Amino acid sequence: MHIHHLLEQNSVANKFISQLRDVNIQNDRMRFRRNIERLGEIMGYELSKNFSYEAKDIQTPLGTASLGLPTEEIVVCSILRAGLPLHTGLLNYFDDAENSFISAYRHHPNNDEEFEILVEYLASPSLEGKTLVLADPMLATGRSFVNVMKALERMGTPKHIHLVSVIGATEGIEYIKEYFPQDSHLWIATIDNKLDERGYIVPGLGDAGDLCFGTKLQH
Ligand SMILES: O=P(O)(O)OC[C@H]1O[C@H](OP(=O)(O)OP(=O)(O)O)[C@H](O)[C@@H]1O
Ligand SMILES: O=c1cc[nH]c(=O)[nH]1
Ligand SMILES: [Mg+2]
């Protein structure tokens, strides 16, 4: 897996990431969602440099301009809930992409720290031969990305896979590397070293789904 770590180079993205993490700012839900969306836009732009391009002649009012345009059929897939603002950011740039939505959530069967990842909802076009852009802002244990990819397998085999995430834990990145093809890409804004006993990224930012949309009842 090729790992592209946005924070290796300072840019305006640092500011968006700092606001996502900051306890004094992150409770502004609109700003929180918009910052994830902005990172989706930035990472969409970055990953587009990896697409295949073909020269096309564009007729202007005064002549003809030749320009390389992407040839890949893109499917943006987001993992509900927290993937939604990242999805919006990616779609702002890949505006004619097809879309998939899949749910994955942490189910606590005994109301304690133990959890399993349940995948229940899937709406997707065929992925056969296409470029799959799979979005989830948090990559903690990596089990959501892997379980979701397993569920997507019956939709066909993508030609290219790009995972897009905001904060990743080192442990989760190692876990997904075992499962995803070697030529797949991970576009990640920033990487933290620790997971706590509940599987939360430390320092991370807390619960991305709750910060985007409010708390939910455990069931
Ligand atoms: O790498 P993992 O250990 O699988 O953890 C990451 C997942 O956990 C969170 O989802 P959550 O279950 O909280 O659902 P939500 O987005 O609805 O809040 C987060 O949004 C990721 O999808
Ligand atoms: O730190 C984490 C881990 C999983 N999901 C989150 O929203 N945050
Ligand atoms: Mg959550």
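This is a short tutorial dialogue on reading a predicted model.

User: Happy to start with the annotation. Which residues does the "domain: Phosphoribosyltransferase" annotation cover?

Analyst: Good place to begin. The UniProt annotation, from an unreviewed entry, covers residues 9–215. Over that stretch the chain is 32% helix and 33% strand, and its end C-alpha atoms are 34 Å apart.

User: Now the ligand. Which residues come nearest to ligand 1?

Analyst: A residue is counted around the ligand if its C-beta atom lies within 6 Å of it. Here, 20 residues are around ligand 1, and R81, A140, T141, S144 and G209 come nearest. The elements giving two or more residues to this shell are strand 5 (98–107), strand 8 (138–139), helix 4 (143–152) and helix 6 (208–213). Strand 5 supplies the largest share, three residues.

User: How many residues of each class are in the shell around ligand 1?

Analyst: The shell has nine nonpolar, six polar and five charged residues.

User: Let's try a helix. Which residues of helix 1 are buried?

Analyst: To call a residue buried, look for 20 or more other C-beta atoms within 10 Å of its own. In helix 1 (residues 13–21), A13, F16, I17 and L20 are buried.

User: Why do the buried residues of helix 1 line one face?

Analyst: Look down the helix axis: the buried residues of helix 1 fall within an arc of 95°, so they line one face. On the other side of helix 1, K15 and S18 are exposed.

User: And what do the buried residues of helix 1 pack against?

Analyst: Their partners are helix 2 (29–48), strand 9 (160–169) and strand 10 (185–192).

Conventions
Residues are numbered from 1 along each chain as its sequence is written. Chains are lettered from A and ligands numbered from 1 in the order in which they are written. This is a predicted model: local features need pLDDT of at least 70, side-chain atom pairs count only at pLDDT 80 or more; totals for chains, interfaces and linings use all residues. UniProt positions are given in the numbering used here, feature names are shortened, and annotations may be inferred rather than shown by experiment. Helices (H or I, at least four residues) and strands (E, at least two) are DSSP runs, numbered from the N terminus. Ala, Val, Leu, Ile, Met, Phe, Trp, Tyr, Cys and Pro count as nonpolar, Asp, Glu, Lys and Arg as charged, and the others, Gly among them, as polar. A residue is buried if 20 or more other C-beta atoms lie within 10 Å of its own, exposed if 12 or fewer, and partly exposed in between; C-beta atoms are placed from the backbone. The arc is that of the directions from the helix axis to the C-beta atoms. Two residues are in contact if their C-beta atoms, placed from the backbone, lie within 7 Å.
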